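Student: Could you take me through one part of this model in close detail, and then show me what lies around it? I'd like one connected account rather than a list.

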Amino acid sequence: MGCGSSKVQSETFNVKTSFLFLGEFFFCRVVYICPYIPQLWSMTGNALQWCNTNTDVVCRHIFPPRYDIKALVGRGSFSRVVRVEHRATRRPFAIKMMEVLAPEAREVCASELAVLQRVNHSNVIQMIEVFQFPQRVYMVLELATGGELLDRVISRGHFTERDATRALRMVLAGLGYLHSLGITHRDLKPDNLLYYHPGADSRLLVTDFGLATFGGVTAGIGPGDKESDSAWPLRTTCGTLEYMAPEVLLRKPYSSSVDMWALGAIAYVVLSGSLPFEDDSRTRLYRSIMRGKYRFHGDPWPSVSNLAKDFIQRLLFLDPATRLTADQAVHHPWVATMAASSSMRNLHRSISQNLRQRRSRSSTQCPSRTRSSADRSRVADSTAMRRICREKEDVVNTSKLERNPT
């Protein structure tokens, strides 16, 4: 009995002693730390400031754990694109990191995510997965390493109308798919058409959905889509000026036919190396676009077939209702037969000369708007906010247009 009683008392005493000891321990530590709280708070603020100014270092520690960062390949006002490698499979990808604290950045990110989460086509850039946090969004994308469409034209050394139709058919496949989902791209141009890999059999990808939106599509709605989800007209003045349709410049309601106008301008560039609408004077450039005034003038146009010119003309109609749709353009005789009746004359020399002259002229006029082709070929999905800044330079500063809500 005595032994049992003493054991219970011993346990009770140990518990009480332990609580007293812990209370004294924490009380002493709090009293000891109190004088240093302002210094600790200041150190925390300095650490947060350091994190904000050294995001490259911080990103390596909070980055999605499945990927290793290899290189920074692009940056914009609110985003960066890095080349990464999946740790398990060693496959390369691109990750677009978007800061979403600013309302404008959050809106652009939400719009781009809505489109990328919906699409799944071999000729449209694919988003593999996404990591979303309160201040930052990470989009894991296919890494396109084959370069831009026009860079490929220059590097080939031989280019015919058949080569042009092969590229345009892939663009039309992607564009027709987007329109069937009720998506209008609104910034279609050669810079946003990237080859997946450097090989001759590479697929061509439609990329950069920073300005893409649901709406503006009046026909060809996909299965399960409600017409009201995508049939309303669009109103935002946006895009790249040389590829913008007249109705966008005139601030009229527009539809997905603006993508087809852009495709007509792309076809013109691919076949000649020159733009259908180009002028050092912005005022004259606006006028020529709004009047639809262009010519098949200079080399290599005398060597280009009438069927190819007819294809371009049917896409550059001023009336949006009369332009070819993506489905109709695929069945145009020049595209459907892959220019079987056209001359197989090599257009490469004239196209390359015109492209180099245009790029040299552009870099002289505005060096800040150019970037290396090596960087462009590596980025799978270019930064949306950088393009918006470029649009403001082209459109807003003219004092002729205003950006309107969609």
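Tutor: Let's begin with the length of helix H8, keeping in mind that this is a predicted model. With 16 residues at 1.5 Å a residue, H8 should span 22 Å, and its end C-alpha atoms lie 23 Å apart, so the expected and modelled lengths agree. The helix runs over residues 257-272, and it is mostly covered: 16 of its 16 residues are buried.

Now look at what comes on either side of the helix. Just after H8, Gly 273 takes a positive phi of about 85°. On the other side, the loop between helix H7 (246-249) and H8 holds Arg 251. This arginine also has a positive phi, about 60°, although it is not a glycine. Arg 251 has a relative accessibility of 41%, and because that value falls between the 20% and 50% cut-offs, the residue counts as partly exposed.

H8 also leads us to the cavities. The model has 2 cavities of 30 Å³ or more, and the largest has a volume of about 110 Å³. H8 gives the most to the lining of this largest cavity, with 3 residues. The whole lining is made up of 14 residues, and those nearest the cavity centre are Arg 186, Asp 187, Cys 238, Tyr 243 and Met 244. By type, the lining residues divide into 9 nonpolar, 2 polar and 3 charged.

Two of the residues nearest the centre deserve a closer look. Arg 186 sits in the loop between strand E6 (183-184) and strand E7 (193-195). Like Arg 251, Arg 186 has a positive phi without being a glycine; for Arg 186 the angle is about 75°. Its relative accessibility is 11%, which is under 20%, so Arg 186 counts as buried. Cys 238 is the other one, and at 4% relative accessibility it counts as buried by the same cut-off.

That cysteine brings up the matter of sulfur pairing. A disulfide is a covalent bond between the sulfur atoms of two cysteines. The structure holds 0 disulfides. Cys 109 is buried as well, with a relative accessible area of 3%.

Away from the cavity, a few other places are worth finding on your screen. The UniProt annotation "binding site", from an unreviewed entry, covers Lys 96. This lysine is in strand E3 (residues 92-99). Its relative accessibility is 0%, so Lys 96 counts as buried in the model.

Next comes Phe 63, in the loop between helix H3 (55-62) and strand E1 (67-75). At 8% relative accessibility, Phe 63 counts as buried. Try drawing a line from this residue to Tyr 138: the two are 75 residues apart in sequence, and their C-alpha atoms are 8.5 Å apart in space.

Finally, turn to the backbone at Pro 300, in the loop between helix H9 (282-291) and helix H10 (306-315). The peptide bond leading into this proline from Asp 299 is cis, with omega near 5°.

To return to where we began, H8 is a helix whose span agrees with its residue count, whose residues are buried, and which gives the most to the lining of the largest cavity.

Technical notes:
Residues numbered from 1 in each chain as written. Predicted model: local features only at pLDDT ≥ 70, side-chain atom pairs only at ≥ 80, totals over all residues. Heavy atoms only, no water. 1 Å grid on protein atoms, 1.4 Å probe; cavity = no way out; pocket = protein on both sides within 12 Å on 5 of 7 lines; lining within 4 Å. Points joined across faces, edges and corners; volume = space filled by probe spheres on them. Helix = DSSP H or I, 4+ residues; strand = E, 2+ residues; numbered from the N terminus. Nonpolar A, V, L, I, M, F, W, Y, C, P; charged D, E, K, R; others polar. Disulfide = S-S within 2.5 Å. Buried < 20%, exposed > 50% of the residue type's maximum accessible area, 1.4 Å probe, protein only. Expected span 1.5 Å × (residues − 1). UniProt positions renumbered as here; feature names shortened; annotations may be inferred.
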